[in-house]
Amino acid sequence: MVEFLLHNSLGAWWHTRHPDKSCPVQLTYLRMLDDGTPAAGKFEGWPDTMAEFKLLDPCCGSGHFLVAAFLLLSPCAWSPKV
């Protein structure tokens, strides 16, 4: 469930900011529409770079969500122009 939520939020966000690149991590659960846009939306109100990005744990519990988000975001942070 955590990976599904992250892939369809953070993964979709990354994909819309870098449509011509493949994501540095595998987004197994990312759902796309027929036109190639993420089914979850384009997240227009979200920041354009990782430097501006902030994340809160919606579970406020064990930290599994934050660890999974870190593992998803850290390879993306090293990609050029993220």
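## A tour starting at P75

Select P75 to begin: its relative accessible area is 29%, and P75 therefore counts as partly exposed. On this scale buried means under 20% relative accessible area, exposed means over 50%, and partly exposed is what falls in between (1.4 Å probe, protein chains only).

Before you click on, note that this is a predicted model, where local features need pLDDT of at least 70 and side-chain atom pairs count only at pLDDT 80 or more, while totals for chains, interfaces and linings use all residues. Residues are numbered from 1 along each chain as its sequence is written, and side-chain values use heavy atoms, with hydrogens and water left out.

**Around P75**

P75 sits in helix α2. Helices here are DSSP runs of H or I with at least four residues, strands are E runs of at least two, and both are numbered from the N terminus. Show the neighbours of P75 and skip anything up to four places away in sequence: you'll find P24 and V25 touching P75. Contact means heavy atoms within 4.5 Å. Now draw a C-alpha distance from P75 to G63; these two are 12 residues apart along the chain and 19 Å apart in space.

**Next stop: L73**

Stay in helix α2 and pick L73. Is L73 buried or exposed? L73 counts as buried, because its relative accessibility is 15%. Beyond the residues within four places in sequence, L73 is in contact with L10, M50 and F53. For another distance to draw, try P47: the C-alpha atoms of L73 and P47 are separated by 14 Å, with their positions 26 residues apart along the chain.

**Into the core**

Follow the contact from L73 to L10. Which residues does L10 touch once neighbours within four places in sequence are set aside? They are W46, F53, A69, L72 and L73.

Now select L6, L10, W13, L27 and L72 together: in the largest nonpolar core, which has 16 residues, these touch the most other members. A nonpolar core is a set of buried Ala, Val, Leu, Ile, Met, Phe, Trp, Tyr and Cys residues joined through side-chain atoms within 4.5 Å. Colour α1 (2-17) and α2 (64-77), since each supplies at least two residues of this core. The largest share, five residues, comes from α1.

**Over to R17**

R17 is also in helix α1. Set aside the neighbours within four places in sequence, and R17 is in contact with K42, F43, E44, W46, P47 and D48. From R17 to D34, 17 residues along, the C-alpha atoms are separated by 18 Å.

Two of those contacts deserve a click:

- K42 is in the loop between α1 and α2. K42 is partly exposed, with a relative accessible area of 44%. Leaving out neighbours within four places in sequence, K42 is in contact with T16, R17 and T37. Y29 is 13 residues from K42 in sequence and 16 Å away, C-alpha to C-alpha.
- F43 lies in the loop between α1 and α2 too, but F43 counts as buried, at 16% relative accessibility. Check its backbone as well: phi of F43 is near 55°, a positive value in a residue other than glycine.

**Zoom out**

Show the whole protein chain, and you'll see two helices and zero strands. The C-alpha atoms fill a box of roughly 35 × 25 × 25 Å along the principal axes. How does the radius of gyration fit a compact globule? A compact globule with 82 residues would have a value near 12 Å, and the protein chain has 12 Å, which agrees. That radius is taken over C-alpha atoms, and the globule rule is 2.2 Å times the number of residues to the power 0.38.

Of the 82 residues, 35% count as buried. Among contacts between residues at least 6 apart in sequence, 59% join residues at least 24 apart.
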